[in-house]
Amino acid sequence: MATTFAALIFRPAEIPDRALSQGFAVALGGWGVASPRLFIAPLPGVPGYSAAFYSSGEAAGGGDDELDHLSELFEDELSPPVAVLDAAAELGHPGATLFALVFSEDVVHDDGWRFEASGFVRHFVREGEEGLEAGVEAPDRSDVVELDVDLPEGATAAEERDATDRAIRPHRGSTFLAAELGAPVLGALMGALFAPERRVAVRLVEPGPGSIADEVARLNRVLRRDSGRGAPASSPPVRGVAPPATYAAFVRAYDWADPADPEDLYRELAIGAIEGTLRFLREDELLGHEREPGWEAAAARQLYPIARLSGSALGGGAAAPHRAIVALGADGEQLWVVRGGTSAAPAGPTFGELLRYLSLGWSRRSDAEEDLIGALMLRARLRSLGG
């Protein structure tokens with residue numbers, strides 16, 4: 001079976017797993033890929049480097065559809081390498097260099113890239129509409145030429161293959177990367193492809209109590225609030241449902257008593273099904289859910305109420321129409337919009353994604369943060385629609 005793959009080549013000291021996870025999630029924000037796969041392996045024969053192999057998870061073994069997806073994704077303005085470099089810079093590695101290769105044996109497709117903060121260089125050979133073509137691209141140039149294969153008259157199939165290989169070898173992306181890294185990259189990648197070390201989940205925001213605490217700390221910094229101010233000692237169960245550990249981490253870290261913003265309203269939200277004005281529930285409001293009509297059905301689904309959602313009329317948050325409750329699932333990650341205590345629909349964002357969205361929404365954003373908030377909103381929209 002012919003091999004098709006896309007890989008990033010990187011130094012683990014420069015590109016942590018979190019940068020890979022977030023970067024691919026941002027790049028895939030609008031693609032509707034339901035189950036992306038990202039595997040990491042050391043790169044044999046290239047000391048100090050590892051490879052991250054990406055696939056859509058849609059077509060086992062690759063194929064034309066997968067190659068089309070990989071090509072379009074890596075040629076996109078916000079490609080995985082660009083988004084990973086942005087994430088690495090955010091995590092304290094602004095000077096990282098990334099290499100990438102999109103390769104297929106099924107057709108001639110060998111597309112190599114070097115990415116840095118200052119720009120990129122690309123060398124490729126591929127099958128175009130008129131035959132084989134090779135190209136070199138950079139921010140200030142784009143050169144594409146058709147390749148002629150010098151075939152002797154009456155050449156055998158083997159001689160034709162050899163002549164084709166000689167014609168395309170200098171233009172291959174893998175040839176470019178081998179010169180950049182000082183090692184035969186293609187063979188190393190082939191070996192690493194079938195010896196994955198671990199899998200990295202593709203996520204915009206990590207789950208778990210520690211990540212939630214970090215997201216609340218980020219939100220507090222943006223709003224110039226004090227962590228833990230006015231926080232209750234603990235949160236009560238609601239209709240027999242205990243608060244998830246992620247919500248407990250949120251409660252400990254959130255500023256519940258900011259004198260500069262006593263209403264604590266987040267207005268004009270639009271992420272998935274969370275639209276309008278949001279206010280996180282206080283302890284007395286949580287206890288009030290013991291008497292909330294119809295909440296038994298939500299409790300039976302192990303949903304825990306965390307915020308009230310109302311219309312977007314400025315100045316009238318609590319009294320505005322279309323009120324609903326944002327509830328947290330038992331996994332401590334998934335959010336639901338509950339109306340009347342009985343009708344529960346996926347909210348779209350996870351708990352951590354909602355908190356990141358709030359912090360980005362109230363701050364001046366860099367280009368990378370604009371990409372991230374856009375991806376948060378796109379992914380939330382797809383999930384809320386069942387995608």
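**Exercise 1.** How many residues does helix α12 have, and what span does it reach from its first C-alpha to its last?

*Solution.* Start with the ground rules: this is a predicted model, where local features need pLDDT of at least 70, side-chain atom pairs count only at pLDDT 80 or more, and totals for chains, interfaces and linings use all residues. Residues are numbered from 1 along each chain as its sequence is written, and side-chain values use heavy atoms, with hydrogens and water left out.

Now the helix (a DSSP run of H or I, at least four residues, numbered from the N terminus). α12 covers residues 367–384, so 18 residues, and reaches 26 Å, close to the 26 Å expected at 1.5 Å a residue; that expectation is 1.5 Å times one less than the number of residues.

**Exercise 2.** Find which residues of α12 are buried (under 20% relative accessible area, 1.4 Å probe, protein chains only), and what they pack against.

*Solution.* Step one: the buried set is L372, I373, A375, L376, R379, A380 and S384. Step two: these cover an arc of only 155° around the axis, so they sit on the same side of α12. Step three: they pack against α1 (17–27), β10, β15 and α11 (351–361), with contact meaning heavy atoms within 4.5 Å.

**Exercise 3.** Work out which strands stand at the edges of the open sheet of 6 strands.

*Solution.* First get the order: β10-β11-β12-β13-β14-β15, with antiparallel pairing (pairing takes at least two DSSP bridges). Then look at the ends: β10 (266–271) and β15 (343–350) each have a single partner strand, so one side of each lacks a neighbour in the sheet.

Terms used. Helices (H or I, at least four residues) and strands (E, at least two) are DSSP runs, numbered from the N terminus. Buried means under 20% relative accessible area, exposed over 50%, partly exposed in between (1.4 Å probe, protein chains only). The arc is that of the directions from the helix axis to the C-beta atoms.
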